[in-house]
Structure formats: structure tokens, C-alpha cells
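Here are my notes for your reading of this entry, set out point by point. Please keep the sequence and the coordinates open beside them as you go.

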Amino acid sequence: MYKTAFFLLCLCTFMQAQQTSVGASGDPNSVSGTVLSGQLRQSGSATAGVFAPVLDSEKRPITAGGFVKDGPVVFEDIAAKAGLTSWQHTMGTPQKNYIIETTGSGVALLDYDNDGWLDIYMVNGSTYDAITGKTTPPHAALFHNNHDGTFTNVAEKAGVTNDRWGFGAAVGDFDNDGWPDIYVSNFGGNRLYRNNHDGTFTDVAEKAGVTLGNWSTGATFGDYDGDGKLDLFVPGYIHWDWNHLPPAPSTAPNAINSCQFRGVPVMCGPRGLKGEGDHLFHNNGDGTFTDVSAKAGVSDPHHYYGFTAVFVDLDDNGKMDLVVSDDSTPNYLYINNGDSTFSDSSLVSGLSLNRYGEEQANMGLAVGDYLNNGRIDFYTGTFSDDYKPLFRNDGHGIYTEIATSMGIAQPTYPFLTWATEFIDYDNDGWKDIFAVNGHVYPQVDQHNFGTTFAQRPFLFHNGGKGEKFTLVPPVEGSGLAIVVPGRGAAFGDLFNDGKIDVVINCIDHVPVLLKNVAPDKHHWLALQLVGGPKSPRDAVGAIVYLTADGLRQRGDVLSGGSYESSNDQRVHFGIGDSTKVEDVEIHWPSGAVQHIAPPSVDRFFEVEEGKGIVPSVYDKIAQNSGK
């Protein structure tokens, strides 16, 4: 009783605090909303209430407007020029009568042929007719980087078309052979693509024991028990049964629609539907895995709606902890006990709910140290009619959700955000926040709700010391002004020029490739890490501290994250106007600590555990670029 009363008091206080005027100037910083009503929903997605439309100066919803004519151009969409638009994502029907048709798919960046250039793996969805054998299933894409700004789809030749209802992709060298492998999360049987070292892959999921069989989402690799081999965590979303479907929305006269959004009939879920459990697979070192979910304490007995997971060391003790973003249910934060088990610290940590004690529809998961204090912070994507939370790491396992106090909550209410990431897009040494957006209900385009099915991304610039974020204006014709049904995204340096680019997988649409063309002249350094005999070969779990001009930054080698995606695993640092790096301190997964002194900046170096900087393909790349 007292818990319920406290929750309702917090909710009422929050609703009252949001009664502000509607911004219609077109200035992205003026976005606000007025609460029309608030209600606790038993079905659908968690939101903060119902808000008045937020329009720009041309009466467009701010999610597809708010553009400015002049300003710095940060990103340019070059997908067509790069050859990516020959492929298109497909998921279900355009009507989106069921939730399985709406959540989209992820992206993985990996150098599958070890030539020093990132390639792109795009997960595809499917249709009911395809999975029942009536039509040819949509294929995933593997775009090989041609080193000249273009890419070639080699998925069929490489044997990674998947041909299942795909959702997520995680990259990790599970067999420690020096070549990246791909885990693809599906509805109905997952794939583990082992790299054959010759441009092809073999699906070994069944032999490895990691196929599962219902609805899996954003997986992550990590060595949770410190044996030098990558283990695998796979979150589950909804337990889906094609033979027992939830009600589809109907506009027929006198139809009874149990699932509505603002009074409009829509597809049902996730609330009201049965959730799917999570799974932790221990790597046995012989090509097989053992499901240790329950024994380790991470099986998700509540059957929350899991979307995106990341293994990351949160307390700097050399052990991989685990974070899971959950849709419309509390997030999970598991602390590694060091004995092959985890403690559920979700609620006590402050990460499971927002600052008002509310569950949010958490989709994507940004992981990084935006304050440059050596601690890992989080930023998650949520549903429209809700803000996107920023969780500051206060140390000792405690997080404070500060989006409202930082002034970055209000502009995000109309957006439905999926992929999120901390990226230093201008290489000033401070991590910024990028978000990819798109709605799940096509019906919103037929109503004046102030939101749209296709939406533009948004970018918050970190002003330094993590004390203030400001929205970067979307300049007309630039990459920040694209209006697409965004879902998964991966972040990395696709052109080896020291700039972080973005690849977006858009539902029922061609991809977006946002090349970073920010006009800054700041310097940078990036490292490809290679683990020794007691660490995973791809160094997943390593932590790097770089000091330049007195500023100490942290970077982690991670698998998974964003939204059902996997980012560039090379560790990137912007160093502003510094032309020299004072120190690089690497904490390897084995527990070893190593210091190196890079002889120059504005280039990649390969660093091997115990050996330091070693000759690599990056030497030739640097030579060709004049570095």
C-alpha cells in the first residue's frame, strides 16, 4: 500500500512538473510539451503520459522537422554513394498489426577479413510468408569495405544471409583464433557464424548449443569468469506464438480494440504479453557452450522484456558485470561476484528505474564515461511521450538519473528512441550523445500527436566536464535532418580517418550511412588491442586509460550495445588540440596492466598484450594517409 502511494505521489509530482508551453519556433532547444492526461497502462509500452503536439515553425511535428538553414554540418548521409542502398530491410507487413513486425534489427561493425577496414553486417527481418516457406526470406547483408568509400554486399558468398526473422548481432572471437565471429539473434533459432579465415563463415550454433528457439534480442560477448574465453549472454523479449496471436487492431464498426495508443487501435505489447527469459552461455573452450543462466543468477525469472545487453566492468575490479535494458519493465544490473555468479543490484543501484521511480520502455543502451572520471555511465532510448534518461555513475555501485536536471529531458519527449551511444564526434576529448529514432505505430502519421513514424536522429554535444549538453541543430540537407524509421545502429570509424561514423538499420527501408564530416581539426588516437594467452584474443573486456594534455579518458573494448548492435571494437580517443599522448594505460582482461607511449597521433596502432605496439596493417594505412 505504502509503495503504491509513494509511486502515485511521484507520478503526480512528475506530471505537474511537465505542464509547460508548446514550443513551435523550430529551435530544437525550445521543444516542450503540455500534459493533457496521465494514465497507468496495463498494455502497450511505458510512457510518462499524453502530451500536446510539439510542432516547428512550419507546423511539422518536431520529430520530422525543426530544421535550420545554416550551421555546422556534422554528418552527411552517403549510403547511396557507398553502395548500401541496393539492400533493404523487411519486417512483417506495413500495417504492423503485431509487435514482432515493429522492433526492427541491428547492425554490427567488424573487420571480418582482418585488412584493417571495418565491414558492415546488416541484420534483416522477415515475414510470416517467408518463415512458413511461401516466399523467399529476406537476406541479411555483409558489406565488404572496398577502402575507397564504397562497399560490396558479399553476404551470400560469405554464407551469412541468416534467412530467419533477425533482430540483433554481436561480434566476438569466441574461439580465440584471431578472427571475429558473429552471433545473430533471431525469432526461431539463433546463428553463431564462425569465421573461416577465407571470407566465409560457418553456422555452428547448433553444435555449440546456443540456438535457443523463440525471440532473442541484443546479445553480448564477455569473459565473465576470467578464464580467457568469451562467454555469451542472450536476452529474451516476448515469448511469441504464431498459433496464439494477440488481437490485431481493427477499424471496423463496433470493433473492440483492447490495445490503443491515444484512443487509436494499435498492435498489442509488450505489456500484457508473456516475456521471454534470458540466457548466459559459458564457453567450454571446445566449440560448445553450457547454459548456466539460473546457476549464475541471470535467468530473468520475472520474464522482463529484454532488448539490449552489455558486459562491462562497472566497479573496476577486473570482473565483467552485466547490464540489460528492458522494455517497459525495470532494467537489470548484475554485479559479478567473482565466483561465476552475479548479484542482482538493479534496484539498489538506481539503474532499474528513472528518477521518478518509473519503469520506462528502454530500448538502446549507450555505455561510456562522458564525465572523464573513469566511471561508466549509461543513456537509454525510450518510447515517445517520455524522456530519455541519463544515468550518472556516482561510484560504489550507485547511479543517479539526471536527464531532467541536466536540461536534456524535455527535448526528447516526442521521439521514440532506439539506438543510443556516447561518441566523441568532434574529437574534443568529451563524449557526446547520439540517438536514432522511429515510431512503432504507423497510425501516428494519421493523427496530430506531434510525433511521426519516420523520425530524425538527434545529437547532444558535451560542452566539457560533462556539465552541459546542447542540441546540435539539424541543418537542412545534412545527416541530422534525415527522416527515417530508424532502429539499430552501430558506431565506428569506417574510413580510418579518425572520425566516428554511424550506420543505421531502418525498418522496411534502405540503410543510412552517416559519414562524419564535422569541420573540427582536432587530433585523435585509436588502438586495436590483441589479448595474450590469458585474455580473450580480441581483448573484449579490456579498459584503456589515455592521458593527453592532462585529460584522462577511459575507453572499453565491448561487444553489443547501442540497440541490438555491435560497435567498432577498436578504442577511439579524441584528444582535442593535443599533438602528443602522455600515457596509455591498458588493463587487460587477464588482470595485467601495461603502459605504452604512442610515438605519434592521428592514426591507429595495434597493441598486443605483453608486447606493446606491434607491426600491423595499420602501418600501411597510416603511410598511405601521410601519418
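The points below take up internal spaces, aromatic rings, backbone features and a few residue separations.

1. The first remark concerns the origin of the coordinates, since this is a predicted model. Every value quoted below is therefore to be read as computed from that predicted model, in which local features need pLDDT of at least 70 and side-chain atom pairs count only at pLDDT 80 or more.

2. On enclosed space, a search of the whole structure gives 5 cavities of 30 Å³ or more, and the largest cavity holds about 490 Å³ of space. This largest cavity is lined by 33 residues, of which Val367, Glu421, Phe422, Asp556 and Asp568 are the closest to its centre. Two or more lining residues come from each of strand E22 (365-368), strand E26 (417-423), strand E30 (486-492), strand E35 (551-556) and strand E36 (571-576). Sorted by class, the lining of the largest cavity consists of 13 nonpolar, 12 polar and 8 charged residues.

3. Among the pockets, the second largest contains about 470 Å³ of space. Its lining comprises 23 residues, and those closest to the centre are Asp111, Asn114, Gly178, Pro180 and Gln528. At least two lining residues are supplied by each of strand E4 (107-110), strand E33 (523-530) and helix H8 (617-625), with E33 giving the most, namely 3 residues. The classes in the lining of the second largest pocket are 11 nonpolar, 5 polar and 7 charged residues.

4. Turning to the aromatic side chains, the whole structure yields 35 aromatic pairs. In one of them, the rings of tyrosine 334 and phenylalanine 342 have planes at 70° and centres 6.5 Å apart, and the pair is edge-to-face because planes over 60 degrees apart are counted in that way. Tyrosine 334 is buried, at a relative accessible area of 1%, and phenylalanine 342 is likewise buried, at 7%.

5. Ring pairs also build a cluster, which links Tyr98, Tyr128, Trp165, Phe167, Trp215, Tyr237, Trp240, Trp242, Tyr305, Phe307, Trp418 and Tyr563. I suggest displaying these side chains together when looking at the model.

6. Two charged side chains are placed over rings. Lysine 515 lies over the face of phenylalanine 495, at 4.9 Å from the ring centre, while the charged end of arginine 603 sits over the ring of phenylalanine 605, 4.0 Å from the centre of that ring.

7. Which residue has its backbone nitrogen 3.5 Å from a polar atom of the side chain of threonine 47? The nitrogen belongs to glycine 49. Threonine 47 itself is found in the loop between strand E1 (35-37) and strand E2 (50-51), and with a relative accessible area of 18% this threonine counts as buried, because the limit for that class is under 20%.

8. Three backbone features deserve a look. Glycine 269 and proline 270 are joined by a cis peptide bond, with omega at about 0°, and proline 270 is found in the loop between strand E15 (264-265) and strand E16 (279-283). Aspartate 163, a residue other than glycine, has a positive phi, near 60°; aspartate 163 lies in the loop between helix H4 (155-158) and strand E8 (165-172) and is partly exposed, with a relative accessible area of 31%. Glutamate 564 is not a glycine either, although its phi is positive at about 50°. Glutamate 564 lies in the loop between E35 and E36, and the residue is buried, with a relative accessible area of 1%.

9. Finally, two separations set distance in the chain beside distance in space. Valine 503, in strand E31 (residues 501-506), is buried at a relative accessible area of 0%; its C-alpha atom is separated by 27 Å from that of arginine 375, the two residues being 128 residues apart along the chain. Asparagine 145, found in strand E6 (residues 141-145), counts as buried at 1% relative accessibility. The C-alpha atoms of asparagine 145 and glycine 407 are separated by 39 Å, and these residues are 262 residues apart along the chain.

Notes: Residues numbered from 1 in each chain as written. Heavy atoms only, no water. 1 Å grid on protein atoms, 1.4 Å probe; cavity = no way out; pocket = protein on both sides within 12 Å on 5 of 7 lines; lining within 4 Å. Points joined across faces, edges and corners; volume = space filled by probe spheres on them. Helix = DSSP H or I, 4+ residues; strand = E, 2+ residues; numbered from the N terminus. Nonpolar A, V, L, I, M, F, W, Y, C, P; charged D, E, K, R; others polar. Phe/Tyr/Trp six-rings, centres within 6.5 Å; stacked < 30°, edge-to-face > 60°. Buried < 20%, exposed > 50% of the residue type's maximum accessible area, 1.4 Å probe, protein only. Lys NZ or Arg CZ within 6 Å of the ring centre and 35° of its normal. Polar contact = N/O pair within 3.5 Å; in protein donor to acceptor, adjacent residues only side chain to side chain.
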